[in-house]
Every structure is written in structure tokens, then in C-alpha cells.
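Trainee: Please take a close look with me at the salt bridges here. I would like to follow the charged pairs one by one and learn how exposed their partners are.

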Amino acid sequence: MSILAVDNLEVSARIGTARIPVVSGLGFTLQRGSVLGVVGESGAGKSMIGRAIAQILPQGFSVTGGLSFLGQDLIGMPAEQRRMLLGRDIAFVPQEPLSGLNPVLTIGAQIDEHLARLGIGAKRARRDYALDMLNAVRLPRPADILGKYAHQLSGGMCQRVLIAMAFASRPKLLIADEPTTALDVTTQSRIVELIRDLQRSEGTSVIFITHDLRLAADISDQVLVLYAGRLAEYGPAKEIFADAAHPYTRCLQLSNPSVHASRIGLYSLPDRMPGISALGSIAGCLFGPRCPNVIDACREKTPRAVSVGEGHDVACIRSDLTARIDPPLRQAIDKKPYGASLLTVESVSKTFSMTSGIFRRTNFQAVRNINFTLQQNEFVGIVGESGSGKSTVARLLCGLETATEGKLVLAGRDVTGGDKVSRQHQRAHIQMVFQDPQSALNPRRSVASIITQAMEAAGQATWRDRLAKAEALLHEVGLPSDAALRFPSELSGGQKQRVNIARALCRAPEILVADEIVSGLDVSVQAQLLNLLLRLRSERSFSMVLISHDLAVVRYLCDRVFVMHKGEFVEAGPTADVFDHPQHPYTESLLAAVPRDFVADAARRDRRNGISPADEIV
Amino acid sequence: MLRSVFRSSRVLIGLTIVGILVVCAIFAPLIAPHDPNEQNLVSILLPPAWSEGGDPSFLLGTDSLGRDVLSRLIFGARVAMTVAVLASLGAMIVGAVLAYIAGYFGGRIDALIGRAVDVWMSFPPVILSLILMVGLGVGLRNVIFAIVAVDWTRFCRVIRSEVLVVRRKDYIAAAQLMGFSHPRVIVKEIVPATLPLLITLLSMEMGIAVIVEAILSFVGMSVSANTPAWGQMVADARQTIYEAPWNLFLPIFAIFLAVLGFNILGDGLRRTLDVRLIARGRT
């Protein structure tokens, strides 16, 4: 029996006097006990599904169409009745676990309140029930946790508490909106596993909303791929992953780097998904402007979803050609021979001293005894979870922090001391690309002024010189030259990150330190940036230290990798060796956390059969 | 941004009120119908011209020495506006400079400046300014000095916390990596980010300065007795409060109007310049 039936769902936003459908013509049914993965990049409208079900839409949005839960019409139902369903029969797990919990109430009080609202158990029995719940989500020492506040728990623990609360009422439908995005890699996989286990044992149906196609394919029975609020493809998860029928699904897959295969080039889709205001101006298929298979017929009318297999629908008129979209050859943008050694880090440590209370000082060793060298044109990666000290290494290399022990030799000069001359030396050779472009670009400066800040610092440059330089750099990072006079607030996330890179390149540094530069970006934008970095290396030659929690990104870009754990390098070596044959248990646990990779599995199978497309490329 | 500032009705109302007061202050000798200190002992305590027994040549009546109230109000605006502008600018410069240094460099300098502000703020502000005035003696320059000495802490504390927020942004680190010196980072990256707050605080402080000056002149601790000031007029009118209540109300109303003008202006500027409020309004 179907739990949720969605038929021709439309969510529209009022902009001025016009009504623009943000989600349109969406239909699917969710069977009891099955998991539906909803996949799309930001702006695809995937969160709108959960919001439409709960009827918590932003102002000016409205829902039409059929939305029935166990045969009851959710849209026409009185608000009071819906409120009874929500939280009891339909539960939610939010994206940000910390904001999902009340900071001023203990966990115990919140669970108690939740149970009281649901009418579960008498007052006495509720505490025992709460303990059982926390046990079920495998939280250690649940009795202690009941007395704690949200800020005393880690993000993963908060998410477990929220999952426990969501399952407390034995809901029939669980809606998880990017439940792992804000968490660390290893925590992510445990949370996904937990949801999956509870789902199986309780027979709950789940709508799992995520931007990660690989994760969705791993956890779901069915996958729904959304593009600009329209169904692109819907079908069995494994089939969609192994044999995508919509060009967007195929491109998403090809633009997502894999931990296991480094040699395939990444497909980078041009441009980005149209925003709400641009929806009206695209004729026919909304994916058309970015589609590699587009023909004139695509622009004539919006394609209908047609069946291409058992329960597999796709909204594309040329879906038979999708499988022919190939990843680009990697050699075209690939590596340059290494040059001389540029940077040597010798047993460097960094200890922060913090005041706690009035007189007590505690020392915290963020980085412990790390060693490495970097050659010209070499890309090395540093991977680890948050709090492992990766970012401190980045700041040490750039001279934003001074090492407390050890030695840093840059281009033949000892720069450990952090005096003025060595700082200048560092700045001439190393530049940093910052993690969060929102915070890294001064909102009050124009793009040209940001990019050429180094010229401003050096003095003498006229505005005309700076503008010319800015346009040249913008061209290099693939932005139009009219972006020079715009402000960061007028750019998208990916464009901002390009500006960020352009600024670092302005002084033509020999080393770039890149701290999580693609985290938080959509897969297709990420692929554009990764390929951009490879292209820039082949054009102007520089080395890079890439700091990331994303193993696949490191595998794609870097030849060598260092695995960092609690301030130390626990494993180092060529990326392929480390990721294919991890020696240290921590590296193993990082790798185990990555969702299974059907494409790589398939590629490996091919290789065994003697066909090895990957090897032909390089 | 500038255009949206002048589209805000609060800013326009505030600017109108403040503008009228400033014009009065600057052109006082041209506008005022009488010499503010000219005594006219035959016509003391005249009511405003429109009420019974009023004299049309003394539009708002006269005080107990027969001086023209309107002229004294107009001349009183001179003291009020001078103090408002100069004292709050002074307090802003002292407070903001210390705040930028404390917030940017942090550590010991920050602790030192922070403690100084704490100690300073533990004195009741009015008492502190009275003590300063007793020590320094009356006069416009000393009033301004006293207000700066008392109120710089307000700027220092508020701006420091804003600097701490901006300081943590990556674009500050980026500017350092580009080779900007510390003073340059402060001037080019941090000051522009705190400018809206600075302007808002400044206009609020102007209202406060008007009140403090009125308090000081009320107790005779501001400008000398032959310079008309609103606080002084309130003090003078206490004797004759039953015979001539308007003599009390009119200067109070002038103070009220000035403070209201600065506050509305400040509020309007805050609403139009504060990036966070703008962002919220747009989405």
C-alpha cells in the first residue's frame, strides 16, 4: 500500500504579480517501508517537497495538486488535523542538528516535552522510554545525555537525539532533509546507517533529501532526480546510478569525483541551474541550455516524463543518447613534470595557549611534529576530520600563525621566525585560497578591487592598471570581464570562489594553499573548479597544498596525500596507494565512511574483464 | 546605499528637525527678533503673543527679567548644537580609535583598554561630568571636553565588539596575505565595515550630548550666565512656574525636539545602513 501519493504537485512563488512554478508537475508514490532519495543541486527545489508536505512554505508560496498521505488529502486538510499528523505519523530530521534543538532546555526536558505532546507514556514512564530511545540510536551513557544541553554534545550526537525523537512516535513517514550535510565524513556514514537500520526495523518509509547522488543510490530504493523543480528522472536507485537515462543525472555522476578512481576526467557542466527569476525565460526543456545533447526540438516544448524501463521514468526526448556522454580525457589538462623542491616542513608543531578562568592557562597542541616537502608543480592533499588541525597547517604555511617548534624552509630561506622579512618572503611565494568565499571577499569592494589588492598593497598601481590586470585574471579563471565592476553579493557561490582563486593568483605565487575550497558547492560547480585548478597548473605552473575532508576531491587533484588525525600525520604516501591500501586504522575508517561507489565497482569489473577505459585515457 | 538613505522617511524627518535647529544656531543674530540678553523690566513674564495680554513683538513672551524667550531659544540652539556636534565627534574619535586598536590587535592591548572602559563606566556619568566641570570651570570648551571624557566609552565598547566580528572574516587575513600593513588593514578593510554603526552611534550621541549639556547648564555648570542655554532657561523658569509655565515648557520642548530629531535620524540611518537589516529586508 502506498504511504504517500504525490500527483502533479506544483509549488509556485509569487514574484511581483506573476506566479512562477518553483516545483512543477511532480508525481510519485512512496510504498510502505521503502526509501525514496530526492537528489538535486541547490535550487533544484528538493526541500520544497518536505515543506509542501508540512505546509511550512515561505511567504508568497502556494501548493496545488494532489498530495495524499494514507489516502488523506494533506493540502485540503484542516490545519488542526495536519498538526496531529506531523510529528506523530510524519516525522522530520533537519539539516542543522544544533538549530533543531532548544539551546536552553536539557535534552531530557525536550524529549519529555516531545513525548508529552505525542501522548506517549505516563509521566513516570517517559524517562524510561527516553532512555530506550537514546539506546536505540546508540548513544553512549543515555542517562548522562538526558541532563545535558545541546551545546555540550557534538553535531553527530545532536543529530542522533533528533533521530531518536523523530522515531519516538513510530512514524509511518520520515522526511530527512540533508541530515548529514553539516556533519563530519565518518559521522555522516554512521548517521545514514542508523536511519537505514531504524527504517528497516520499524518499517518506516523515508524521503531522504540529499545533493549527493552516490549517497542517495546507496541508501534508497527509488531515486528522484530534480532539476529546477522539475522531475528529471525517477526510478530504481541502482538502475539510475548504473544506467542514468537523463543527461543531467549522467552529468552529475560524471562530475562527482570518486575516491577509488583517479584517472577519469571530471565532466564539468557549463553555467549553473537557473534561479527562480530565470525560469520563465527558458523555452522548452529547462536543462536545455546546459545539456550536451540539446537539439532544436528540445527548445520547443517541455519534455514529458516517459517510461524507459520498469518503474523508470525520464523527462528527456533524447534519453537514448545519454549513455554516450563521456567524461573528458584527462591528459589534456593533466600534470606537468615536477621541478625543484620548494618547501620543506621539518617537525613543525603549534601549541595554542588558552586562558581558562582567571589565572589558569591550558595548552592545546593543534599540530604535532609534522614533516613534508613540496616540489614545483606538485599538488599534495591533507585530509582529516574537522578539529584535526588541517586548517592550522594552512595558516602556518601562509604565515598567519607562527610555529612554536620546528622549521619551515621556503624557497631556500628559513621563514620559521615570523619576522617582517620572512613574512614578506612568504607572501611573495605562498598565497591562500580561503574556504568560505562569503567571508573571504570584502562585500564593500568591487571584484576588480579584491582581485588586485596585492597591487594596492604594493602601491604605485593606477586604477587602470589594476582593472586591466583584474580582467586578465578573470579571464584566466573563466569569468566574464564585466564581472570586474560587480560586487561579491552579485555573484554565485562558484563565481565567488573563482574570484577567490583569482586574487590568490595575482602575485603569481609558486604555492597555493587551498583550505576546503569546494566544500559547500554543488557537484557540477565543484567539478568546474577542480578542472580549473588543473588547467591553471598546466598554464602557469604552481604547486598546491589542498586541505579537504573530501577524499574524492583529494584523489582527483593530488598526487600525494597526508592523513591528519588529532594534529599528527598518521599516514602519508602517493594518493592511490594510501586510498587503495590504507595502513592506518584511521585512514581505513575515513575510507569506510565514503558511500559505496557503483561506478567504480563497475569500472573495476570492466578492468577484470580486460576492458579498462580508465587506463586508455592517461 | 546613499539613495536609500534619503528615501527613508525617518532620515528625512530627523534631518528636517536637525536642519532647522542648525539653521537657528548659525543664523541666530539674523533670525532672533531681540538681543537675547536685553532686559525689558516694564514687560516681564509676558505670555505668548496669541494669548490674552500678549505682546506681538515678543512672540513667545518674556521671562522674569523681561528677556525675549524666542530669541533666547534661538540663541540657546547655538550652545546645544555646538556641543552636540563637537562633543560627539570628539567622543567618537577617541572611542573609535581605541576600539579599532583593541579589537584588531586583541590580547593585552585589548585587555588593557577593556579594563579602562570598565573602570570608566563604573562612575555615574552625570556625577563624573559635574566633577570635571567643577575642576575645569565653566565655558563651552570645557563642556565639550567633559562630555568627550565621559562618553567615549560608549563608542569604544560598541565598536570594539563589531571590530571583533569583522576581524574574524577571512578577507582580513587575505588582506594581510596581500601585504597590507596593520594600519592599512584597519583603515581600508575594518573602518568601512563599521562605518554604518559609527554614523548611527554618532547621531544618537548627539542627542545624548544635548541632554548632558542641558543638565550641566541647569545646575549652572555649563556656559557662563550671559550665554543663553536651554538648561539655564529651565532653571530660571522654576521661580515663576505658576505665573509663567510656558517659560518652563518652551526650553524643555526645544530640548525634546533636538533629542527627538537626532534619535529619529539615528534610527533611520541604522535601518538603512545596517547590512544585516538590509539583507533581512531583501530576502
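Mentor: Gladly! A residue is called buried under 20% relative accessible area, exposed over 50%, and partly exposed in between (1.4 Å probe, protein chains only). This is a predicted model, where local features need pLDDT of at least 70 and side-chain atom pairs pLDDT 80 or more, while totals for chains, interfaces and linings use all residues. Residues count from 1 along each chain as written, chains are lettered from A and ligands numbered from 1 in written order, and side-chain values use heavy atoms, without hydrogens or water.

Now to the pairs. Over all chains, the model has 33 salt bridges, each a side-chain nitrogen of Lys or Arg within 4 Å of a carboxyl oxygen of Asp or Glu. Let's visit three of them.

Start in chain A, where the side chains of A:D144 and A:R141 meet, with 3.3 Å from N to O. Look at the two partners in turn. The arginine, A:R141, has a relative accessible area of 63%, so it is exposed. Its partner A:D144 comes to 39%, which means that this aspartate is partly exposed.

Stay in chain A and move along to A:D482, whose side chain forms a salt bridge with that of A:R486, at 3.4 Å from N to O. Here the aspartate is the exposed partner: A:D482 has a relative accessibility of 52%. The arginine A:R486 stands at 25% and is therefore partly exposed.

For the third pair, turn to chain B. B:D63 and B:R72 are joined by a salt bridge, and their closest N and O atoms lie 3.9 Å apart. What about the surroundings of these two: buried or exposed? With a relative accessible area of 9%, B:D63 counts as buried. B:R72 has just 2%, so this arginine is buried as well.

Salt bridges can also share partners, and one such network brings together A:R445, A:E456, A:R466, B:K188 and B:E189. Try finding these five residues in the structure: the network has members from chain A, including A:R445, and members from chain B, including B:K188.

To recap your tour, the pair A:D144 and A:R141 has one partly exposed partner and one exposed partner. In the second pair, A:D482 is exposed and A:R486 partly exposed. In the chain B pair, B:D63 is buried, and B:R72 is buried too.
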